[in-house]
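Please open the model in your viewer and keep a selection panel at hand. The tour goes from the whole chain to one chosen site.

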Amino acid sequence: MLKIGVIGAGHLGKIHLRLLNQSKKYELVGFYDSNREYAQKVADEFGYTLYEEIDDLLQDVAVIDIVTPTLSHFDIAKKAVLLNKHFFIEKPITHTVEEADELVALAAKHKVKGQVGHVERFNPAFKAVQDKIDQPMFIEAHRLAEFNPRGTDVPVVLDLMIHDIDAVLSVVPSPVKNINASGVSVISETPDICNARIEFENGCVANLTASRISLKQMRKARFFQRDAYISVDFLEKKCEVVRMKDAPQQPGEFDMILQNAEGVKKQIYFDNPDVDENNAILEELETFAEAITQDLTPKVTLEQGARALRVAKQIINSFSKK
C-alpha cells in the first residue's frame, strides 16, 4: 500500500479522504488544509490525522493528493516534485498554461509520476464506448448545472466545460486548428454560460456548451462518425451506439432500412455495450496507484491535463476578445 496524504479538505477533498481511507491500494497518512479551524473540525469528525505543515506531510508520504483551489496547484505540486513525491492533482492542472508546461518538464526531469483529475474519463458510460469512438467528425456536448456559488471564482470553461474538452481531446487524434467561442456573465464576475466551436486539423468539429445557471442538470455528449452515432449521458451513466451497415438483400420484417437519393440502402442496428458500475473518483485514484507500483503511464497524464488547459484558455481568450 502506498502512503498518501491529501492537501485540501473542502467538498471534494473530503470525498478523496473518505475513498482513500477505504482503499486497499493506499494507506491514508493524513491531511493538511490551510483553514486551521475547519481542518480541525474535519479531523475531529472523521478521525483523520491533521498535519500542521505541508512539508511535514510530504516527508511522511510517497504520494500527495492535491485537492486545493487551482491558484495553489502549481506551488504545491512543484514542492512535491522537488521532494520526488508522486502527485495526483485535481483539474484544471494549474492556473496558467506556463505553470502547466513547467510542471510537465519538472516531473519528467525528476522522474515523478503525476495524474490529473479529469474524472469523466472514468465515467462508466464513457468507458463503455471509448473503444467504439473511431475518427469522429462531429461532436456535440452539453454540460448544464444549477447555480452553486462554489466554483464561480473561475469562468464556467474551467469549472465545467474542461471536462468535455478533455474527453473530446482524448478521442480526436488531431491537433486543434481553430477555436471560436462566446461567453456571457449573468450572475458571476466571470462567464456563467459558454459555447465553443473547436475545429481540428483532420476536419472534426466539436461544439461544446456549458452553463452553471440552468434549471436542470445535464451532462451529455454525442459523437458522429462514419456509419455510427454514439451518445453518452455522463449524469445518468447511460450510453447508446447506433450503427449502419449495408442492408441485406432480403431485409427482415423488423429491420430498419434507410435508402439515400442514389438508391443505396443501409440497415440501422443498435450495438449498446454493458455499462459496469464503478466509483469514478476511487478508480482514478487507484489506477494512479497502479501506474506508480507497476511503472505504467497514468491514465490522464500531465501532458493531457496541460493540453486541456491550453484549449480552455484559448476558448476564454476567444470570447474575451469580443
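Select the whole protein chain and colour it by relative accessible area: of its 322 residues, 52% are buried, where buried means under 20% relative accessible area, exposed over 50% and partly exposed in between, with a 1.4 Å probe and protein chains only. This is a predicted model, in which local features need pLDDT of at least 70 and side-chain atom pairs count only at pLDDT 80 or more, while totals for chains, interfaces and linings use all residues. Residues are numbered from 1 along each chain as its sequence is written, and side-chain values use heavy atoms, with hydrogens and water left out.

Next, switch to a cartoon view, which should show 9 helices and 14 strands; these are DSSP runs numbered from the N terminus, with helices being H or I of at least four residues and strands E of at least two. Along the principal axes, the C-alpha atoms fill a box of roughly 75 × 45 × 40 Å. If you display contacts (heavy atoms within 4.5 Å), then among those between residues at least 6 apart in sequence, 68% join residues at least 24 apart.

Now select helix α5, residues 97-109, and within it D101. Is D101 buried or partly exposed? D101 has a relative accessible area of 36%, so it counts as partly exposed.

Add A306 and R310 to the selection, since D101 is in contact with both, leaving aside its neighbours within four places in sequence. Finally, select R307, which is 206 residues from D101 along the chain, and check the C-alpha separation of this pair, which is 9.3 Å.
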